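Colleague: I have a chain to go through before setting up calculations. Can we walk through its pocket and one of its helices?

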Amino acid sequence: MTTNISPTRGRPRQFDLDEALATAQRLFHEKGYDAVSVADLTAALGIKPPSFYAAFGSKSALYMRVLDRYAVTGAVPLVQILKADRPLAVSLGEILVQAARMYAADATATGCMVLEGTRCSDAEARNAASGFHVAAQDLIRHAIAEHYPEDADRLADFVSTTMAGLSASACHGQSLERLLATAQLAGMAIAQALAAKSRDSN
């Protein structure tokens with residue numbers, strides 16, 4: 001989608017909104033929300049501050065739109081993984097493996113942008129990121145509850161906590177090999193816990 005933006009006097013130029021959101025996403029992901037200034041954004045987008053505010057309203061409003069985009073283009077595809085026709089333990093393990101791969105995919109933009117956003121100093125941006133995080137947790141919890149309702153909270157917490165640890169480790173430069181080793185070990189623990197639960201119920 002494009003719109004006309006007039007960063008300076010004279011003829012307006014075409015402003016590609018999708019491209020702008022992609023650029024902003026890379027910047028937020030690479031530096032973290034707090035470290036990105038409006039000046040950084042306008043420089044990266046090639047527009048002046050008045051045009052920035054006219055297009056997005058504020059830095060936090062832009063971040064919210066970027067989070068919507070990240071949910072589609074950069075986040076772990078939870079719905080697809082959880083809806084796959086396979087045992088729940090395999091799906092939960094796959095979530096962790098995919099998280100490890102995605103968090104380490106770009107050396108300049110490591111970790112999960114949503115999880116990192118939940119720790120930023122801006123209340124609006126932090127609340128927006130927290131909303132995405134809670135929604136992801138609920139999705140995992142509901143999928144577990146369909147099969148193991150009594151264990152949904154503890155298993156969902158385990159998956160969420162492991163993902164947070166993988167994100168933090170990726171941000172600190174841990175290699176993909178080590179992240180995958182952690183994800184796979186956590187997946188084995190989930191499989192063993194669910195197998196033990198099945199044996200106890202028989």
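**Pocket, helix, chain**

Modeller: This is a predicted model. Start with the pocket: H8 gives the largest share of the lining of the largest pocket, seven residues.

Colleague: Which residues lie nearest the centre of the largest pocket?

Modeller: The lining has 22 residues. Helices H4, H5, H7, H8 and H9 each give two or more of them. Nearest the centre lie Ala75, Val76, Leu78, Phe132 and Ala136.

Colleague: How many residues of that lining are charged?

Modeller: The pocket has a volume of about 420 Å³. Its lining divides into 18 nonpolar residues and four polar ones. The charged count is zero: no charged residues.

Colleague: Now helix H3, residues 49-56. Why do its buried residues line one face?

Modeller: Buried here means under 20% relative accessible area. In H3, Ser51, Phe52 and Phe56 are buried. Seen down the helix axis, the buried residues fall within a limited arc, so they line one face; that arc is 105 degrees.

Colleague: Which residues of H3 are exposed on the other side?

Modeller: Exposed takes over 50% relative accessible area. On the side of H3 away from the buried residues, the exposed ones are Pro50 and Ala54.

Colleague: What phi does Gly57 take?

Modeller: Gly57 comes just after H3. Its phi is positive, at about 90 degrees.

Colleague: What percentage of the chain's residues is buried?

Modeller: The chain has 10 helices and two strands. Along the sequence, the two strands precede the helices. Of its 202 residues, the buried ones make up 40%.

Technical notes. Residues are numbered from 1 along each chain as its sequence is written. This is a predicted model: local features need pLDDT of at least 70, side-chain atom pairs count only at pLDDT 80 or more; totals for chains, interfaces and linings use all residues. Side-chain values use heavy atoms; hydrogens and water are left out. On a 1 Å grid over the protein atoms alone, a cavity is a set of points where a 1.4 Å probe fits but cannot get out, and a pocket is an open set with protein on both sides within 12 Å along at least five of seven lines; lining residues have an atom within 4 Å of a point. Grid points are joined across faces, edges and corners, and a volume is the space filled by probe spheres set on the points. Helices (H or I, at least four residues) and strands (E, at least two) are DSSP runs, numbered from the N terminus. Ala, Val, Leu, Ile, Met, Phe, Trp, Tyr, Cys and Pro count as nonpolar, Asp, Glu, Lys and Arg as charged, and the others, Gly among them, as polar. Buried means under 20% relative accessible area, exposed over 50%, partly exposed in between (1.4 Å probe, protein chains only). The arc is that of the directions from the helix axis to the C-beta atoms.
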